[in-house]
Amino acid sequence: MILQKKTADQILIIFILTVLLVILGLISVLIGSADIGVKDLYAFFKGSGEDFARNILLTIRLPRILAAVIMGGALAVSGFLLQVFFGNPIAGPYVLGVSSSAKLFVALAMVFLLKNGRVFSSFGMIVAAFIGSLISMGIVLIMAGKVRNMSLLVVCGVMIGYICSAITDFVVCFAEDSNIVNLHNWSLGSFSGTTMEHVQISLIFVLACIFLSFMLSKPIGAYQLGEAYARNMGVNIKALRVILILSSSLLSATVTAFAGPISFVGIAVPHIMRGLFKTAKPLIMIPACFLGGAIITLICDDIARTAFAPTELSISSVTAVGLAPVVILLLLRRGER
Amino acid sequence: MDKVLKVYKLDVGYQKTVVADITLEVMPGEIVALIGPNGAGKSTILNTITRQLEKLSGKIYIKEKEDKLVNGEELSTVMSMVTTQRIKPQLMSAREVVATGRYPYTGRLGILSKNDWEKVDEAIALVDAKEVAENDFSKLSDGQRQRIMLARAICQEPEIMILDEPTSFLDIQFKVDILSIIKRMAKRENIAVVLSIHDLEFVEALADKVIAINDGRVVAVGRPKEIITGEIIEDIYHMQKGCGKTLIDGLRGYSDALYKLINR
């Protein structure tokens, strides 16, 4: 009986978060340097209205907001999957260096292609980021075989992140092409300049990964009790581990390809959601993390673009201020035991 | 009656053989105890039967069917287990941990039906853990945890249960409790149990069959009275001549008392 009430509460919270996300989305559309009011928005949805407002909404505001929602959600789910994989809440694509290595590979590929006068397709960016993610993931996994301590592994991951960021800086600095000027903003993490095409392609990848993970909720839940018990239940451990790594890497790679590395969403949001929903079950956590990641990233992006307008902050600066303390608390609480 | 588990000329180990040439037959409702010193390979044998480890050679039959013909999902409805490995579930109540035992019977997303929850509560009642069912699993004592893990293995509705040292780290009262639950369950539900155990004083009261292991081989198989003897105990635990008998004589009186407790 008690459990049924718990489930009912969880569904209610999911519903509330969904409503909150929609409201936040609408508010985010209305704020910004160009003056767009409720009337313009209404006209836009009816298919009429001034060209100026339509243009701003279609090419700037909407893609950016949708990107923040989709990619914020993707990062949080990616973090959750990594935490399941390691059996430890101290894991995420940013703190393990996965995002930074994805960034490095996108930067290298971009510079190389531009030098040869070719344009980099959205799909190509995701592929480059995915390769980068898998390489650093491979290094992290090798290290995980040697060190059992997760905090130590995170320190190593942060170091990998620094190395990758430093090399990216070199690459960006020495590349002279004017197109690469944009790279500088992107390499710090930003949703500015996101196009509808980016939104569409990232939506496809993110939905596919999240749907796959959600459908694997049952074996993932069994895996949370430890490998031995999961195997006793008939779970194919090897296949599940590969899927966890591939889908979490693909999720964070998709984000990094378009928005650069975004700090701490992947590690902190699952932690906040576990506290909110009082569970770690994937069936609840996967949708919960998506919603939570979307809401938090959207708020952070609103702050990044409006707080000191017209100057824009990088999204990572905002998420770091908001979420790094959560990570510190998480580490401290685990250290106490 | 058909044998529920049969092991024939089984060699187990990692790269190297740890225990060789194990042959064993287990009937429904039978309790088989593995005894032997630390490191003798009791867990290695159990882990091989539960497929945590690949067998090196030999054959395992599950309900008269060769084990390579039984896939993981099928096996999960026949065999459940409790290992020595501690689980660290996050934010799960004891009842939710027990509920994970229903895995083989739930649908694609693993949502439990009303019937499943009834089985969960039955298993919790069987191990006398109703009062802690809603508590956070990670805050339970070792003894309570062990009961919950046992309830989890019970509600998996197995025909064979594999238990690796179910009584280690428990005080005498919890040992008696856990073992009497195991005995009750085996006899009442006709579940075959294979377990490893260090507490020799309990073996006679608990087991129908005993396997003594040491130095990479099965030293003896038989009824408890035949195996728990001075000679065999001296042999497997490398004791001085005479010590085994003294020990067993000492245990005998104690065993009778425990028999009453466990079979109450």
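This is a short dialogue on reading a predicted model with chains A and B.

Q: Let's begin where the chains meet. How many residues does each chain bring to the contact?
A: A contact between chains can be read from both sides. Here 20 residues come from chain A and 23 residues from chain B. On the side of chain A that touches chain B, helix 1 (2–30), helix 9 (217–223) and helix 10 (227–232) each supply at least two residues. That side of chain A divides into nine nonpolar, seven polar and four charged residues.

Q: Could we look at one residue there? Which residues does A:A228 contact, leaving aside its neighbours within four places in sequence?
A: A:A228 is in contact with B:Q52, B:T83 and B:Q85 once those neighbours are left aside. You will find A:A228 in helix 10 of chain A.

Q: How exposed is A:A228?
A: The idea is to count other C-beta atoms within 10 Å: 20 or more make a residue buried, 12 or fewer make it exposed, and a count in between makes it partly exposed. A:A228 has 19, so it is partly exposed.

Q: Now for a pair of helices. At what angle do helix 12 and helix 13 of chain A cross?
A: Think of each helix as an axis. The axes of helix 12 (residues 265–277) and helix 13 (residues 282–306) of chain A come within 9 Å and cross at roughly 120°. These two helices of chain A are therefore oblique to each other. Their crossing is right-handed. Among the residues making the contact are A:V265, A:V269 and A:F277 of helix 12 of chain A, and A:C289, A:G292 and A:I296 of helix 13 of chain A. By class, this contact has eleven nonpolar, three polar and no charged residues.

Q: Which residues of the largest nonpolar core touch the most other members?
A: A core is built from buried nonpolar residues joined to one another. The largest one has 94 residues, and A:A67, A:V77, A:V106, A:A129, A:V265 and A:C289 touch the most other members. Helix 3 (residues 51–86) of chain A gives the most to this core, with 16 residues. Apart from it lies another core, of 81 residues, including B:A40, B:L46, B:A153 and B:M161.

Q: Lastly, what is phi of B:K9 and of B:R51?
A: Phi describes the backbone at a residue. For B:K9 it is near 45°, a positive value in a residue other than glycine; for B:R51, also not glycine, phi is near 70°. B:K9 lies in strand 1 (residues 5–13) of chain B, whereas B:R51 sits in the loop between helix 1 (42–49) and strand 4 (57–62) of chain B. With 11 C-beta neighbours inside 10 Å, B:K9 counts as exposed; B:R51 has 19 other C-beta atoms within 10 Å and is partly exposed.

Technical notes. Residues numbered from 1 in each chain as written. Chains lettered and ligands numbered in written order. Predicted model: local features only at pLDDT ≥ 70, side-chain atom pairs only at ≥ 80, totals over all residues. Contact = placed C-beta atoms within 7 Å. Helix = DSSP H or I, 4+ residues; strand = E, 2+ residues; numbered from the N terminus. Nonpolar A, V, L, I, M, F, W, Y, C, P; charged D, E, K, R; others polar. Axes fitted to C-alpha atoms, helices over the stretch in contact; angles between N-to-C directions. Parallel < 35°, antiparallel > 145°, perpendicular 65-115°, else oblique. Left-handed = near helix turned anticlockwise from the far one by under 90°. Core = buried A, V, L, I, M, F, W, Y, C linked by C-beta atoms within 7 Å.
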